Amino acid sequence: MTVVEECTPPDRQDSSGWLTFSHCGHKNKKDFFKSRRGSLVLRLKKANFLEESSVRGAGTGSKMSRAMQIHATKGQPQSEIITAQRSQKGGSSHGGPLRFKNAMMFWLRCNEEVLDKRLDDRVDDMMNRGLVQELLDFHNTYNEERLKNMDKSVAYTQGIFQSIGFKEFHPYLTLKAEERDTDSGKQLLEKGIEDLKLVTRRYARRQIKWIKNRFIRSKDREVPEIYGLDATDLDTWDENVLKPAIDIVGARLGLPDYKTSIKPLPKEDPIDNSLEENFCNVCQRVFTEKYQWEVHLKSNRHKRELAKKKRKENQQNEATKKVKATVEDADAST
Ligand SMILES: [Zn+2]
């Protein structure tokens, strides 16, 4: 099911906890509800299809789409299902208990330097297999027209356009065909490749953090045991990964001849990942988990935006002062 993308995510929260929609041209909640997407949110909300938290963050079509999908297949509102799941034994603020109690997880870990090298190689491999041509085709077919009527800061925040490996090449893709072969064109391409490598490495770090938060520092959530296996040296894959994994599973199943001394990774101090909605006025972003919010406030991205905002305010103050001084000078001389 597709939900028509007709406006960007909501950008601000009013005192009642609702989001306002000014940057997509909807002045207020009422205005938003008159739009096609807004009327859909309203209908879902009235039918109790959407959880309250989803309603508030309903700028993303995927949440609505999922709520409708659930209703269509289960004949029951999503909000009811989630409430029931949370109240089960082993349930938490995030959902129900584990469906398969005997589940276990293997986390293949790798020395950071080796991992970075692998990720860089993967990007090079993608380039060799024709990534640039693919991006050019995609850009020419879908993106060029679209960008003509769009604010660029918004254009890359939606759907497939936010995927890693596309927006990094924007400056190169938007060159004219003959410009791409020039030195500066080639430099832009190189810059795109470097940026892609950088964001890929960053993404990998985020994944590691996510795994830790979800499985090792989880507070109230039921999670399977997770075993760490070392995949740094692929020449020793069988000894370091395959055999230990088979032994762990065999021992868990109580099969004869399978023994292991490997223990699940120890739990670390839990983070408070309870649900709490916050809105960052500086970055114009909504956060639904308390932990995400705390991380965001300490993040470089937030600090950068904050510094930018302060600089702007200072400039404005200076400009106002100058105007005032000029007016006073003019007054004095008359
Ligand atoms: Zn922020």
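A crossing of two helices is called left-handed if the near helix is turned anticlockwise from the far one by less than a right angle, and right-handed if it is turned clockwise. I begin there since the pair I want to show you, helix 6 and helix 11, crosses in the right-handed sense. Please keep in mind throughout that what we have here is a predicted model.

Let me first place that pair within the chain as a whole. The chain has 14 helices and six strands, and of its 334 residues, 10% count as buried. If we take the contacts between residues at least 6 apart in sequence, 50% of them join residues at least 24 apart.

Now to the two helices themselves. Helix 11 runs over residues 183–216, which is 34 residues, and from its first C-alpha to its last it reaches 49 Å, close to the 50 Å expected at 1.5 Å a residue. Helix 6, for its part, has 17 residues, which should span 24 Å at the usual 1.5 Å a residue, and its end C-alpha atoms are indeed 24 Å apart, so the two values agree. Just after helix 6 comes G130, with a positive phi near 100°.

Two packed helices are described by the angle between their axes and by the distance between those axes. For helix 6 and helix 11 the angle is about 135°, and the axes lie 9 Å apart. Helix 6 is therefore oblique to helix 11, given that the roughly antiparallel class takes in angles over 145 degrees. On the helix 6 side, the residues that take part are L115, D116, L119, D120, V123 and M127, and they meet I193, L196, K197, T200, R201 and A204 of helix 11. As a reminder for reading such lists, an α-helix has 3.6 residues a turn, so residues three or four places apart point the same way.

Which residues of helix 11 are buried? They are L188, G192, I193 and L196, and what covers them includes helix 6, residues 112–128, and helix 9, residues 170–173. Of these four, I193 and L196 also appear among the residues that meet helix 6.

L188 deserves a closer look. L188 sits in helix 11 and counts as buried because 20 other C-beta atoms lie within 10 Å, where 20 or more is what the cut-off asks for. Leaving aside residues up to four places away in sequence, L188 touches P171, Y172 and L175. L175 is 13 residues from L188 along the chain, and their C-alpha atoms are separated by 9.5 Å.

Let me turn to two loop residues. F161 is found in the loop between helix 8, residues 152–155, and helix 9, and it is partly exposed, with 18 other C-beta atoms within 10 Å. F161 and H139 are 22 residues apart in sequence, and their C-alpha atoms are 10.0 Å apart in space.

The other is D257, in the loop between helix 12, residues 237–252, and strand 5, residues 275–280. D257 counts as exposed because it has 7 C-beta neighbours inside 10 Å. Most residues other than glycine have a negative phi, whereas phi of D257 is positive, near 75°.

Finally, a word on annotation. The UniProt record, an unreviewed entry, places a "domain: C2H2-type" over residues 280–302. In the model, the chain over residues 280–302 is 52% helix and 26% strand, with its end C-alpha atoms 9 Å apart.

Note on methods: Residues are numbered from 1 along each chain as its sequence is written. This is a predicted model: local features need pLDDT of at least 70, side-chain atom pairs count only at pLDDT 80 or more; totals for chains, interfaces and linings use all residues. The expected span of a helix is 1.5 Å times one less than its number of residues. A residue is buried if 20 or more other C-beta atoms lie within 10 Å of its own, exposed if 12 or fewer, and partly exposed in between; C-beta atoms are placed from the backbone. Two residues are in contact if their C-beta atoms, placed from the backbone, lie within 7 Å. UniProt positions are given in the numbering used here, feature names are shortened, and annotations may be inferred rather than shown by experiment. Axes are lines fitted to C-alpha atoms, for helices over the stretch in contact, and angles run from 0 to 180 degrees between N-to-C directions. Angles under 35 degrees count as roughly parallel, over 145 as roughly antiparallel, 65 to 115 as roughly perpendicular and the rest as oblique.
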